[in-house]
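I opened this notebook to keep track of what I looked up. Each entry takes one topic.

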Amino acid sequence: MTDKEILQSYLLRLADSDMILGQRLCELCGKAPALEEEMALMNVALDLVGQARNWYEYVAELEGKGRDADQLAFLRDAHDYRNLLITEQPNGDYAVTMARQFFYDVWHYFTLKGLVNSSDERVAGIAAKALKEVTYHLRRSSEWVKRLGDGTEESHRRMQDGIDLLWRFTGELIQADDVDQQIAAAGIGPDTAQLTNDWRGLVKEVLQEATLTPQPDDAWMYLGGKRGEHTEHLGFILAEMQFLQRAYPDAKVW
Amino acid sequence: MAEWSLYEVFVRSKHGLNHKHVGSVHASDPAMALENARDLYTRRNEGVSLWVVPSSAITASTGDEKEVLFDPSEDKVYRHASFYKLPDEVGHM
């Protein structure tokens, strides 16, 4: 791959991960456990969709094929999607939703902190804007993990179940592949070893405060999202998300 | 959710001098109330500062006291500063 293709590939992971998690969260619109939570969740979801748009627009420019952000989001099939597997996992109960959000937010936060200093100015600019939003996302999800973990007997059990259920998808967040390494080496993205350490450090700190038990670092992990190998859930998400664009291409009138 | 209590939310807007009551949120504790208030009442760039106060901490006047409390002030126009000529330098009053 050329340097430009590597950058596109890396940015597509950021874009797709934001897009799919945003879509997942939007499924809770009208169904969240409390009105206040619903508003907060939709804020997070729309932040993520907005960030996805910014990354997609840059990817579209780089590839120079005349595609735009909408086409990248709505006209690619699952095997072309490069989102992290954790983002496509179902919402489950609220503890699962928050466990997913927390694991992702920690990764997202430290990734963006690295990207803010990117040698690519455009990347640094998009990241700086996103970091403000994600700092708040992380604060919210950390608080929920602590509240549920250190709450009642039942909330503790559910939160621990959520952590255990999703742990297998966290390896992908911090296990660097060739693209991650080359992006780091080019000074575009975060140092991969530091990202791993930061992620593990903060996750353990919050889980400990939440009286929850992490699983071992060397637990068996699902990988593949970054290569376009997805769990069965992604196809269903795309079917719903892309329906309108597929059925009524470029629909202009509602 | 059943145990969540109610908090009153006050927002100070960019150009406002004081916090204004904007509504209420449910939350399990003050920290969560602040976050919920942020998400409900400052989404459209409304504020620069937030207060949340437990609704239970508010002592309110009741409707049947209305006449006793408020009617007597109705005919006391001299309490309004409308009889004074304000110098321009005073500005807002």
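**Entry 1: chain B in outline**

I counted two helices and three strands in the secondary structure of chain B. Read from the N terminus, the order of its elements is β-β-α-β-α. I note here that the model is a predicted one.

Next I looked up the dimensions. The C-alpha atoms of chain B fill a box of roughly 55 × 40 × 15 Å along the principal axes. I then checked the radius of gyration, which is 19 Å for chain B. A compact globule of 93 residues would have a value near 12 Å.

How much of chain B is buried? I found that 15% of its 93 residues count as buried. I also looked at contacts in chain B between residues at least 6 apart in sequence. Of these, 44% join residues at least 24 apart.

**Entry 2: the strands of chain B**

I started with strand E1 (residues 5–13) and strand E2 (residues 20–27) of chain B. They run antiparallel, and seven bridges join them. A hairpin of six residues leads from E1(B) to E2(B). I looked up one pair in detail: B:Phe10 has B:His21 as its bridge partner in E2(B).

Then I followed B:Phe10 to B:Val53. The two are 43 residues apart in sequence, yet their C-alpha atoms are 8.3 Å apart in space. I placed B:Val53 in strand E3 (residues 47–54) of chain B.

Which residues does B:Val53 contact, leaving aside neighbours within four places in sequence? I found B:Tyr7, B:Glu8 and B:Ile58. Is B:Val53 buried, exposed or partly exposed? It counts as partly exposed, because it has 16 C-beta neighbours inside 10 Å. Being buried would take 20 or more.

**Entry 3: the cores**

I turned to the nonpolar cores. As a general rule, nonpolar side chains in soluble globular proteins tend to be buried together.

The largest nonpolar core has 66 residues. Which of them touch the most other members? I listed A:Leu11, A:Ala15, A:Trp55, A:Ala99, A:Phe103 and A:Val145. Helix H4 (residues 94–115) of chain A gives the largest share of this core, 13 residues.

I picked A:Ala15 for a closer look. Not counting residues up to four places away in sequence, A:Ala15 touches A:Ala52, A:Trp55, A:Tyr56 and A:Val59. Apart from the largest core lies another, of nine residues. Its members include B:Val11, B:Val25, B:Met32 and B:Ala33.

**Entry 4: one helix, two faces**

I chose helix H8 (residues 178–185) of chain A. Its residues A:Val179, A:Asp180 and A:Ile183 are buried. Where do the buried residues of H8(A) fall, seen down the axis? They fall within an arc of 100 degrees, so they line one face of the helix. The general rule behind this kind of pattern is that an α-helix has 3.6 residues a turn, so residues three or four places apart point the same way.

I then checked what lies over that side. Helix H1 (3–26) and H9 of chain A are among the elements that cover the buried residues of H8(A). The face turned away from the buried side carries the exposed residues A:Asp178 and A:Ala185. Just after H8(A), I noted a positive phi of about 75 degrees at A:Gly187.

**Entry 5: positive phi outside glycine**

I looked for residues other than glycine with a positive phi. A:Thr211 has one, of about 55 degrees. I placed A:Thr211 in the loop between helix H9 (192–209) and helix H10 (233–247) of chain A. A:Thr211 is partly exposed, with 13 other C-beta atoms within 10 Å.

A:Asp250 also has a positive phi, near 55 degrees. I found A:Asp250 in the segment after H10 of chain A. Is A:Asp250 buried or exposed? A:Asp250 counts as exposed, because it has 7 C-beta neighbours inside 10 Å.

**Entry 6: where the chains meet**

How many residues does each chain bring to the contact? I counted eight residues from chain A and 10 residues from chain B. On the side of chain A that touches chain B, helix H2 (35–63) and helix H5 (121–149) are the elements that give two or more residues. H2(A) gives the most, with four residues. I sorted the residues on this side of chain A by type: four are nonpolar, one is polar and three are charged.

Notes
Residues are numbered from 1 along each chain as its sequence is written. Chains are lettered from A and ligands numbered from 1 in the order in which they are written. This is a predicted model: local features need pLDDT of at least 70, side-chain atom pairs count only at pLDDT 80 or more; totals for chains, interfaces and linings use all residues. Two residues are in contact if their C-beta atoms, placed from the backbone, lie within 7 Å. Ala, Val, Leu, Ile, Met, Phe, Trp, Tyr, Cys and Pro count as nonpolar, Asp, Glu, Lys and Arg as charged, and the others, Gly among them, as polar. The radius of gyration is taken over C-alpha atoms; the globule rule is 2.2 Å times the number of residues to the power 0.38. A residue is buried if 20 or more other C-beta atoms lie within 10 Å of its own, exposed if 12 or fewer, and partly exposed in between; C-beta atoms are placed from the backbone. A nonpolar core is a set of buried Ala, Val, Leu, Ile, Met, Phe, Trp, Tyr and Cys residues joined through C-beta atoms within 7 Å. The arc is that of the directions from the helix axis to the C-beta atoms. Two strands pair if DSSP finds at least two bridges between them.
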